[in-house]
Amino acid sequence: MTVARPDLPAGSHDPVSAESASPAARLQAALDEQRAAFARQPNPTAAERDRWLATLLSVVLDHKQRFVEAISADFGNRSAHETLGAEVMVTAAGIRYLRQHLKEWMAVEPRHISLLFAPARGEVRYQPKGVIGVISPWNYPLQLALVPVATALAAGNRVLLKPSELSPATSALMQELLHAAFPRDLVQVVTGGPDVGAAFAGLKLDHLMYTGSTHVGRLVMLAAAQNLVPVTLELGGKSPAIVHPDAPFKVAVERVAFGKVLNAGQTCVAPDYALVPRAMEARFVDALAARFAEMLPTLATNRDYTSIINERHRARVAGLVEDARAKGARVREVNPASEDLTGSGKVAPTILQGVSDDMEVMHEEIFGPVLPVVPYDTLDDAIAYVNARPRPLALYYFDTNAGRVDKVMSATHSGGACVNDVALHVGQDDLPFGGIGPSGLGAYHGREGFLAFSHAKSVFHQRRLRLTQLFNPPYGATIDAILKVLVG
Ligand code: NAD
């Protein structure tokens with residue numbers, strides 16, 4: 001599918017490529033350019049927004065193979081199937097869903113007005129906010145950049161995107177393709193590291209969406225607070241998977257294993273650790289190890305198994321395992337062909353038992369293919385374990401008993417949850433995606449994303465005559481009688 005490129009405005013230039021300017025000055029110039037364009041077109045029609053989304057969709061689909069290659073170059077190896085499924089497919093589905101529902105979400109909504117204020121009427125209008133800033137991470141560098149961009153465009157905004165410096169090939173490709181497809185005053189990509197990120201977060205944007213670590217999320221919110229810029233923060237955390245003794249055992253093992261192997265565990269909604277009934281622990285660990293081996297009979301050159309993004313992160317994950325081992329954890333690496341993984345960028349799927357709270361692996365988000373298995377005695381104990389820790393981005397519960405499912409869903413807090421699965425809630429366009437507390441603030445995807453990037457303006461339409469006319473000084477017997485009826 002090919003969609004015509006929207007025309008560049010006459011005399012358009014590239015303020016961010018003016019090499020001489022400081023990052024802050026270049027970013028400010030980009031923001032000013034988009035602001036001016038927004039002022040010229042503050043409320044794009046549904047048809048215009050749909051054209052933008054069609055263009056974005058064609059950027060993703062027409063160049064999917066280049067994205068597969070760029071992302072793989074960034075990781076060392078990224079499974080092509082993972083890129084096509086978890087990035088291209090999810091992004092394309094998200095854009096199609098926005099296109100399907102845009103008109104309905106843009107419609108002016110009549111709202112209820114209390115009888116006292118008759119015959120006035122009320123409505124909510126969803127207005128574009130203006131210029132939306134998006135700061136995105138490296139782990140799903142396409143999806144986590146372009147779904148926010150699509151959502152911001154659907155809501156009628158202009159977008160500045162700052163992708164991650166840790167996925168430079170993908171960032172450069174997005175910059176090339178988006179700049180070829182859109183005028184810069186509509187969509188502009190600025191590249192750079194934490195210094196550019198910090199300057200970006202200090203801009204007087206109309207909304208800032210950040211996806212990344214909780215640590216940097218705090219800095220982003222602090223910077224945005226200086227300008228009272230509203231934020232959506234999509235952060236991380238330690239997402240538990242709780243397995244009930246009566247859960248379909250094989251299903252639980254297979255799905256937890258899938259969540260840990262996908263992108264080699266470098267997924268914000270990967271199951272971070274598993275809570276399993278004490279009596280089932282040994283059987284669960286054996287079955288999990290067997291499942292890892294079945295999925296990944298070899299590791300080092302296996303194209304289906306994604307590498308760790310860089311040496312720093314590989315060493316970080318290895319360090320978590322070594323710290324746990326040194327403090328008494330039992331470590332089971334699943335390396336079926338006994339390969340030497342040195343220099344391969346791969347980390348073998350690893351199961352930890354006998355973990356305790358003094359180990360770093362039980363505090364830090366693992367973000368790699370390492371799964372601590374924590375035994376529990378009663379379901380209430382498992383719930384208490386989760387509730388004693390920071391609220392996670394996701395929680396997974398394996399059980400088929402509706403009463404217990406309801407109990408776990410109501411007794412725990414997490415950004416989202418899956419029952420009898422992991423991670424797939426993120427792919428549902430009609431489910432808001434976001435964290436709670438340290439795992440995030442606000443949500444997007446589908447309608448919730450449209451709402452996040454729109455201003456819901458309340459409009460109260462008054463008529464010539466109004467009942468409230470009576471409420472004027474000098475107050476007298478009539479208003480006294482009315483107030484007596486209304487408030488006693
Ligand atoms: P990161 O925080 O290191 O980087 C993310 C982005 O922030 C990058 O573009 C980076 O350049 C930028 N940045 C760095 N310092 C900055 C600063 N001071 N001010 C502004 N921007 C700055 O995160 P990461 O390592 O790229 O991503 C991994 C983390 O992201 C994990 O914790 C993971 O759970 C989380 N994550 C969350 C979601 C979600 O949707 N909730 C999705 C993916 C990843």
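Let me start with a rule: rings of Phe, Tyr and Trp, with the six-membered ring used for Trp, form a pair if their centres lie within 6.5 Å. Planes under 30 degrees apart count as stacked, over 60 as edge-to-face, and the rest as tilted. What you have in front of you is a predicted model.

By that rule, the count is 10 aromatic pairs. One of them is Trp105 with Phe450. Their ring centres are 5.7 Å apart and the planes meet at 45°, so this pair is tilted. It connects distant parts of the chain: Trp105 belongs to helix 4, residues 80-106, and Phe450 to helix 14, residues 446-452, with the two positions 345 residues apart.

Next, the ligand. It sits in the largest pocket. The number of residues surrounding it is 29, and the closest are Lys162, Glu165, Tyr210, Leu235 and Glu365. Sorted by class, that shell holds 16 nonpolar, 9 polar and 4 charged residues. Which elements each supply at least two residues of the shell? Helix 7 (194-201), strand 6 (207-211) and helix 8 (214-226) do.

Now the polar side-chain atoms facing ligand oxygen. Lys162 places one 2.6 Å from an oxygen atom of the ligand. For Glu365, the distance from a side-chain N or O atom to a ligand oxygen is 2.6 Å. Ser213 has a polar side-chain atom at 3.0 Å from an oxygen atom of the ligand. As for cover, the ligand on its own has 840 Å² of accessible area, and the protein covers 91% of that.

Away from the ligand, look at Glu109 in strand 1, residues 109-111. Its side chain makes a polar contact of 2.7 Å with the side chain of Arg111. A second polar contact, of 3.2 Å, joins the side chains of Glu109 and Tyr126.

Last, the backbone. Most residues other than glycine have a negative phi, and most peptide bonds are trans. Where does this model depart from that? The peptide bond from Ala118 to Pro119 is cis, with omega near 0°. Pro119 is in the loop between strand 1 and strand 2 (121-128). Pro473 and Pro474 are also joined by a cis peptide bond, with omega about 0°. Pro474 is found in the loop between strand 16 (454-461) and helix 15 (477-487). Then there is Leu228, which is not a glycine but has a positive phi of about 50°. Leu228 is in the loop between helix 8 and strand 7 (231-234).

Key. Residues are numbered from 1 along each chain as its sequence is written. This is a predicted model: local features need pLDDT of at least 70, side-chain atom pairs count only at pLDDT 80 or more; totals for chains, interfaces and linings use all residues. Side-chain values use heavy atoms; hydrogens and water are left out. A residue is near a molecule or strand if one of its heavy atoms lies within 4 Å of it. A polar contact is a pair of N or O atoms within 3.5 Å; within protein, one must be able to donate a hydrogen and the other to accept it, and residues adjacent in sequence count only if both atoms are side-chain atoms. Accessible areas come from the Shrake-Rupley method with a 1.4 Å probe; for residues, only the protein chains shown count as cover. On a 1 Å grid over the protein atoms alone, a cavity is a set of points where a 1.4 Å probe fits but cannot get out, and a pocket is an open set with protein on both sides within 12 Å along at least five of seven lines; lining residues have an atom within 4 Å of a point. A molecule sits in a cavity or pocket if more than half of its atoms lie within 2 Å of its grid points. Helices (H or I, at least four residues) and strands (E, at least two) are DSSP runs, numbered from the N terminus. Ala, Val, Leu, Ile, Met, Phe, Trp, Tyr, Cys and Pro count as nonpolar, Asp, Glu, Lys and Arg as charged, and the others, Gly among them, as polar.
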